[in-house]
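Let's take a walk through this model together, starting at the surface and then turning to the charged pairs. Keep the 3D view open as you read.

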Amino acid sequence: MSKRVLTTCGELGKTALSGANFLILAVIFGPSTYGEYVLLAAVAAILTPIATAGYANWVQPLAADKGAGSAIASGTIVSVVVGLPLVLVVFAVGVVAQSQSLSVLVLVILSEMVIYPIWSSISYALLADGKARQYLVVSLVVPSVKLLATVNSAYFFGGSFLAWSAMVSSAGILGMILTLRILKSDNLVSGWRSFRHWLRRGFGFAAVGVASSLTDNVDRLVVGSHLGMHELGVYGMSGKLSAYGSVPVKAVAIVAYPEFFKQAASTDYPGMLKLMRKTISRGVGTGIIMWGILIIGSIIASKTILSDYVDLVQCTILMAACVPLRAVQYGAGDVLYALDKSRMRLLVTLLGAAISATGAFVGSYLAGLIGAASGLLIAQILVASLLWWFAEKSLRIMMTLDFVAPTVESR
């Protein structure tokens, strides 16, 4: 099978397994407890780019340059040197804030902010190194382990939030260690060198990642604080459905991501422009299909296993409309990364986060959940439009400079 087919299968497989995991969580927890999880997961998602030093963004270029072994070993260094200290910081904040569930806080943050993001990103190192079949296996093993832990927790402990978080964290740590051993990627010296080389640029990626995560999650913080955990549970479930609908769109962008860096290194800016437009076009088409599928899925779920989640369908219609827009954000954003214009993307994304927070606050105040979902959609439209415009403008400027430079030298 071709690399594109294996990539698509991997991303779709992860979508199915992760979707099943969160559906089970939503059913066993109920809207209120699930809302508590959504709040903690939102905090973890915002901090993940920092906790992983932007690892997901530089693992593929590193693997293409130094091989999968060095890239995977770097992930281990990142999790220990950057991720674990940040978990301790979150724990300290929880102590100061007198959180009633410190154990749950630490375990959820550890698994959602460090373990599973690093473990999942390892698969992309295999993909960039030409090991597409190994990528497929690892990319499916990660969500499978999490799903099995959730099922076992539900069977033995029912809806216990603490038991679930402990089981998922333990399974993730053991799974990641086994993966490193099986792939023989435990050369920490090589990993340390690569980590140091990419650290500065990695935190540049992380800054943009935090801004992007804020755009995606700040609305959940606003909804949780304004409307309460029960309403946040419903809102978060719609958000999860939409997020998983974006995975096939991301699969389209993943294949093009390392190509953008190669074209930037060879100053093939016309090729980058063509590839960006092609990637966005394919992603938008995939996103529209997923939008329809998500609407149908939410209707079925609201009448069966998620009947307690009132307004699920209405929220999903609005939030799933963001899925086609992801194609623009992935394609245009990756071009800005490859051109080393992370600051530009950071500014645009921070603006999107501010708009998202404002829209969620005003919308939830005026129209509850539906208003908050509408505010998120407006923010995503603005962010996608600005990113595309900046990417096109940056490429045209680079093409102009590339054309002028040889002319000046010849004179």
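A good place to begin is V80, which is partly exposed, with a relative accessible area of 49%. Keep in mind that you are looking at a predicted model. V80 sits in helix α3 (residues 68-96), and it belongs to a nonpolar surface patch together with V81, L84 and W192. Together these residues offer about 340 Å² of accessible area. Helix α3 supplies the largest share of this patch, with three residues.

The surface also has a charged patch. Here R4, K274, K278 and R282 gather into an area of positive charge. Three of the residues, the largest share, come from helix α10 (residues 269-302), while R4 lies in helix α1 (residues 3-51). R4 counts as partly exposed because its relative accessibility is 39%, which falls between the limits of 20% for buried and 50% for exposed.

Now for the pairs. Side chains of opposite charge can pair when their charged atoms come close. How many salt bridges does the structure hold? There are five. One of them joins E112 to K146, with the closest N and O atoms 2.9 Å apart. Since E112 is in helix α4 (residues 102-128) and K146 in helix α5 (residues 132-157), the pair ties together parts that are 34 residues apart in sequence. Both partners are buried: E112 has a relative accessible area of 14%, and K146 has 10%.

Another bridge, between E392 and R277, also has an N to O distance of 2.9 Å. E392 belongs to helix α13 (residues 342-410) and R277 to helix α10, so this contact links parts that are 115 residues apart in sequence. E392 is buried at 14% relative accessible area, whereas R277 is partly exposed at 37%. Look around this pair and you will find R396 as well, since R277, E392 and R396 are linked in a network of salt bridges.

K262 and E259 make a more local contact, at 3.8 Å from N to O. They are three residues apart in helix α9 (residues 247-265), so about one helical turn separates them. E259 is partly exposed, with a relative accessible area of 34%.

Finish at helix α12 (residues 323-338), where 16 residues at 1.5 Å each should span 22 Å; the end C-alpha atoms are 23 Å apart, which agrees. This helix is mostly covered, with 15 of its 16 residues buried. Just after α12, D340 takes a positive phi of about 60°.

How values were computed: Residues numbered from 1 in each chain as written. Predicted model: local features only at pLDDT ≥ 70, side-chain atom pairs only at ≥ 80, totals over all residues. Heavy atoms only, no water. Patch = residues over 30% accessible without salt bridge, like charges linked within 9 Å, V, L, I, M, F, W, Y side chains within 5 Å. Areas by Shrake-Rupley, 256 points an atom, 1.4 Å probe, with all protein chains shown as cover. Salt bridge = Lys/Arg side-chain N within 4 Å of Asp/Glu carboxyl O. Lys, Arg positive; Asp, Glu negative; His and termini not counted. Charge placed at Lys NZ, Arg CZ, Asp CG, Glu CD. Helix = DSSP H or I, 4+ residues; strand = E, 2+ residues; numbered from the N terminus. Buried < 20%, exposed > 50% of the residue type's maximum accessible area, 1.4 Å probe, protein only. Expected span 1.5 Å × (residues − 1).
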